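Here are some friendly notes to read with the model open beside you. Take the points one at a time and find each residue on screen as you go.

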Amino acid sequence: MRKDFVPRRQTRRPRLGLVAVYAALVLGVAVTVFPLLYMASTSLKDQVYVLEVPPQLLPTNPTLDNFGAAWTSNHFSRYFLNSSIVALVTMALVLLLGSMMAHGLARYRFRGHRLVRALILFFMVMPAMSLLVPQFVLATRLGLLDSLAGVAIVHIAQGLPLATFILYGFMIGLPRELYEAALVDGAGAWRMYRSIALPLCRPALATVAILAFLGSWDEYVWALTIINSADQRTLPVGIAAFQGVHTSNWGLIFAASMIAVTPVIVLFALLQRHVIRGLTAGALKG
Amino acid sequence: MSGRLSRGGLVPYLFVLPGLAVLGVWLVFPLVSALQMSLHDWDIVPGSKSPFVGLDHYAQLVSDPLLLSTLANTVAYVIVTVAGQLALGLAAALGLESVRRGRVLLRTLYFVPVVTSWVVAALMFRYLFNSSSAGMVNHLLVSVLGIVGRPVPWLNEAGTAFIAIFALGIWKGVGFAMVLFIAALQAIPEELYDAAAIDGASRRRAIRSVTLPLLAPTIVMTAVMLTIGAFQVFIPVALITGGGPVHRTEVILTYLYDVAFRQLDFGYAGAISFALAGLVFAISQIQLRFMRQSALAG
């Protein structure tokens, strides 16, 4: 069937002058991506050329030396591994605990229901850093100082309220008849969660997973506070420390940064809809 | 609502408790002990006595000149970056909604800074705003545009350092505001524009009398969310200036970090934490009230 036979509904939405709009949009995009492209270009420069006068947009003799040096020296591959472990554990546990809590709240009536919901809303608003000091004292007492487990457990606690909130909002909309049918089939409580609630929530779970992963991967302050030894650092802490040691070795710093940022940007490019939904989730409903 | 939920005896607790335990230990308990710390001269050596000082730390808040200047810096950051993100986010959203080709690609590119790590972004801006003539911003201003005569020593003075910090704050958040505005723009019913056209409204008039009024709730809500986020600024300051020179670019959270982990004054740090949390909660109440209002209206 030929598409052009279908008359396109003429829209009266105000459209601004096209050429001017494109020009402005492209200029805006240029300013937006310039810092990232310049970082990428700098990471390919020889140390000699990094603080050139005048600064050059493109490397004169592009080289991957910085990437090799960043990866092999300074525990950097270790930071990458640490961040991966912490972010994946955080993601898995936020998904599990958050979906269980959301299911409990969405499916059952129980004493304390309102209190649990209030708690979740409260900690969605509470600034994370205002609990930094007591969390540090607690981690010290529990012997979690300088450990990846200590980093992950607080990332989980930080991610859980919003994750539960998103999943609860989704699960409350699932039709009750599904559970009743399963009940007739003799399904237990766990099977209803596992085989009905979870599969139906897949889009929300994807959103929550990305949100938890990104939150943990980029988190800086808590990891900085409880990690002391160099080989326990996560990527953000490692990169910031890098900058402290190699003050003007920007080629090396940006090669390290590129290694940290690339997985996230690839993830974003592949799962755009979920990422945008996840990052704006708090905004859509209150 | 809860009338249609089932009673499950112990079962619901089994679902809720594991998560609740994590929240209890790592959020609720720290919240209580932060309050306790703020009322004591907290001694970090375990087992030693921490004398009760009542509200002294809260009184200290008001008389600490450094805290007042960090608060002023934070408010400046909030005003400039929130205004910048709203204006540019709205412009980008209106622009993207009026073109057809390349819309998805452009939107994606605008959103990339939002997913870029704060630490990496801060280091990037530090490099761009390098004080010598090797810095890209200086090069643009001096050699390309010829606006200033000599390279600006950006990070050596508070005023110019804030330009770099504000620029980062705006750059990082425009895409976020933009996607919220795009969603709101797409929710405006076509009929309203038809009606405006029939009444002979110009394009500009349609934007002013249809688009903007209907966007107002989203603009307010986005402003509140960005404000809450901006009050918690830490990384841009910590990594671009470190609060210097001599505390002149310090914001609330970098100062909190300094009080807690350099001066080891946990009691006073607790009071600062609560003051900030109180501020953030007050702002979020505005958001809540506003959302209730718009829910009633809609």
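1. Let us begin with a single residue, Asp146(A). It has 14 C-beta neighbours inside 10 Å, so it counts as partly exposed; a buried residue would need 20 or more, and an exposed one 12 or fewer. You will find Asp146(A) in the loop between α5 (132-141) and α6 of chain A. Its backbone deserves a look as well: phi is near 60 degrees, a positive value in a residue other than glycine. Please keep in mind that this is a predicted model.

2. Chain B has a residue to set beside it. Val246(B) is not a glycine, yet its phi is positive, at about 30 degrees. This residue sits in the loop between α10 and α11 of chain B. Is Val246(B) buried or exposed? It counts as exposed, because it has 8 C-beta neighbours inside 10 Å.

3. Stay in that part of chain B for a moment. The peptide bond from Gly244(B) to Pro245(B) is cis, and its omega is near -5 degrees. Pro245(B) belongs to the loop between α10 (235-240) and α11 (252-261) of chain B.

4. Now step back and view chain A as a whole. Its secondary structure comes to 14 helices and one strand. A compact globule of 286 residues would have a radius of gyration near 19 Å, but chain A has 24 Å. Along the principal axes, its C-alpha atoms fill a box of roughly 75 × 70 × 30 Å. Of the 286 residues, 45% count as buried. Among the contacts in chain A with a separation of 6 or more, 77% are between residues 24 or more positions apart.

5. Chain B can be described in the same terms. Here the secondary structure comes to 12 helices and one strand, and in sequence order the strand precedes the helices. How does the radius of gyration of chain B compare with that of a compact globule of 298 residues? The globule would have a value near 19 Å, whereas chain B has 24 Å. The C-alpha trace of chain B spans about 75 × 70 × 35 Å along its principal axes, and 45% of its 298 residues count as buried. Of the contacts in chain B between residues at least 6 apart in sequence, 67% join residues at least 24 apart.

6. Next, look at where the two chains meet. The contact takes 84 residues from chain A and 88 residues from chain B. Helix α1 (residues 18-43) of chain A gives the most to the side of chain A that touches chain B, with 13 residues. By class, that side of chain A has 60 nonpolar, 16 polar and eight charged residues. The chains also share a strand pairing: β1 (residues 108-109) of chain A and β1 (residues 6-7) of chain B run in the parallel sense over two bridges. In this pairing, Tyr108(A) stands opposite Ser6(B).

7. Helix α1(A) merits a point of its own. At 1.5 Å a residue, its 26 residues should span 38 Å, and its end C-alpha atoms are 37 Å apart, which agrees. Where is the kink in α1(A)? A kink of about 40 degrees lies at Val33(A), shortly before the proline Pro35(A). The buried residues of α1(A) include Leu25(A), Gly28(A), Pro35(A) and Met39(A). Their cover comes from both chains, and includes α2 (65-72) and α12 (250-270) of chain A as well as α3 (65-97), α4 (103-115) and α5 (118-128) of chain B.

8. Compare helix α9 (residues 202-218) of chain A, where Arg202(A) lies. The helix is mostly covered, with 13 of its 17 residues buried. Arg202(A), however, counts as exposed, because it has 10 C-beta neighbours inside 10 Å. The C-alpha atoms of Arg202(A) and His274(A) are separated by 11 Å, with the two residues 72 apart along the chain. As for length, the 17 residues of α9(A) should span 24 Å at 1.5 Å a residue, and the end C-alpha atoms are 24 Å apart, which agrees.

9. One last residue to find is Gly173(A), in the loop between α6 (148-171) and α7 (176-184) of chain A. With 10 C-beta neighbours inside 10 Å, Gly173(A) counts as exposed. Its C-alpha atom and that of Ala128(A) are separated by 30 Å, and the two residues are 45 apart along the chain.

Definitions and conventions:
Residues are numbered from 1 along each chain as its sequence is written. Chains are lettered from A and ligands numbered from 1 in the order in which they are written. This is a predicted model: local features need pLDDT of at least 70, side-chain atom pairs count only at pLDDT 80 or more; totals for chains, interfaces and linings use all residues. Two residues are in contact if their C-beta atoms, placed from the backbone, lie within 7 Å. Helices (H or I, at least four residues) and strands (E, at least two) are DSSP runs, numbered from the N terminus. Ala, Val, Leu, Ile, Met, Phe, Trp, Tyr, Cys and Pro count as nonpolar, Asp, Glu, Lys and Arg as charged, and the others, Gly among them, as polar. Two strands pair if DSSP finds at least two bridges between them. The expected span of a helix is 1.5 Å times one less than its number of residues. The bend at a residue is the angle between axes fitted to the seven residues ending there and the seven starting there. The radius of gyration is taken over C-alpha atoms; the globule rule is 2.2 Å times the number of residues to the power 0.38.
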